[in-house]
Amino acid sequence: MNSTHKELDRALKRPFPVKSISWRVGATSRDKDKGIALAYIDARDVMRRLDEVFGLGWQCRYSHAEGKTICEIGCNIDGQWVWRAGGAGDTDVEAEKGAISDAFKRAAVLWGIGRYLYELPNNWAPIKAQGRSFVLDATPQIPEWATPEGFDRLMKKRDDANQQHESEHT
């Protein structure tokens with residue numbers, strides 16, 4: 001991977017500020033006092049990331065296949081459009097809008113945006129009833145590696161190690 005592509009890759013994969021992370025409840029315990037805390041980001045955060053990295057050099061388009069919404073995100077890299085696509089079905093809340101947003105975010109994950117959220121530990125957390133569903137009783141902690149600052153430190157450490165390795169072998 002050339003250095004420009006490496007920089008693009010890192011910029012796309014960089015974690016979002018902790019305050020940008022939202023949480024929802026996944027599976028719940030039998031007695032409904034605990035649930036799996038699942039992290040997610042808003043589609044607007046994805047758009048901002050694409051704007052930061054590509055400026056006006058990105059676009060998306062939607063199609064439908066077997067009742068699913070497909071989003072393709074295209075990014076102009078070295079003068080060529082590169083496309084990646086993801087799909088989603090209607091959601092429980094605002095079905096079509098939810099499908100469009102989810103498909104967009106799933107396509108973004110293929111670019112590395114927010115992919116680290118899938119690597120967060122699936123921890124059980126206290127929950128409380130809210131309407132007909134449940135919400136987390138407290139905001140989970142994000143591991144340091146999943147913060148922008150922690151990611152930057154890890155990348156610097158990796159770069160320093162690679163630089164040292166290269167200098168030892170030249």
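In this predicted model, K105 touches Y40, I41, D42, A43 and V46, leaving out residues up to four places away in sequence. K105 is part of helix α3. Buried or exposed, and with or without a salt bridge? K105 turns out to be buried, yet it has no salt bridge. The nearest side chain of opposite charge belongs to D102, 4.0 Å away.

I113 sits a little further along, in the loop between α3 and β6 (124-130). Its relative accessibility is just 1%, so I113 counts as buried. Setting aside neighbours within four places in sequence, I113 is in contact with L12, F16, I41, V46, R49, L50 and A108. I41 and V46 thus appear again, having already turned up among the contacts of K105. P15 lies 98 residues from I113 in sequence, but the two C-alpha atoms are 8.0 Å apart in space.

I113 also features in the largest nonpolar core, which has 28 residues. Which of its members touch the most others? They are I21, L50, F54, I73, C75, F104 and I113. At least two residues of this core come from each of α1 (3-13), α2, β4 and α3 (95-110). The biggest contribution is that of α2, with five residues. I21, for its part, touches F16, A39, Y40, I41, Y116, L117 and I142, again without residues up to four places away in sequence. F16 and I41 are on the contact list of I113 too. Another core lies apart from this one; it has five residues, including A37, A125, I127 and L136.

Now for the sheet. Three strands make up an open sheet in the order β3-β4-β5, and the pairing is antiparallel. β3 (58-65) and β5 (80-88) are the edge strands, each pairing on one side only. On average, neighbouring strands of this sheet are turned by 20° against each other, with direction ignored. How many bridges join β4 to β5? There are nine, linking β5 to the antiparallel β4 (residues 68-77). Within this pairing, C71 stands opposite G86 of β5. Helix α2 (residues 43-54) packs on the sheet, where it touches β3 and β4. The direction of α2 makes about 20° with that of β4. Helix and strand meet again in the largest core, to which α2 and β4 each supply at least two residues.

Note on methods
Residues are numbered from 1 along each chain as its sequence is written. This is a predicted model: local features need pLDDT of at least 70, side-chain atom pairs count only at pLDDT 80 or more; totals for chains, interfaces and linings use all residues. Side-chain values use heavy atoms; hydrogens and water are left out. Two strands pair if DSSP finds at least two bridges between them. Helices (H or I, at least four residues) and strands (E, at least two) are DSSP runs, numbered from the N terminus. Axes are lines fitted to C-alpha atoms, for helices over the stretch in contact, and angles run from 0 to 180 degrees between N-to-C directions. Contact means heavy atoms within 4.5 Å. A nonpolar core is a set of buried Ala, Val, Leu, Ile, Met, Phe, Trp, Tyr and Cys residues joined through side-chain atoms within 4.5 Å. Buried means under 20% relative accessible area, exposed over 50%, partly exposed in between (1.4 Å probe, protein chains only). Lys and Arg count as positive and Asp and Glu as negative; His and the chain ends are not counted.
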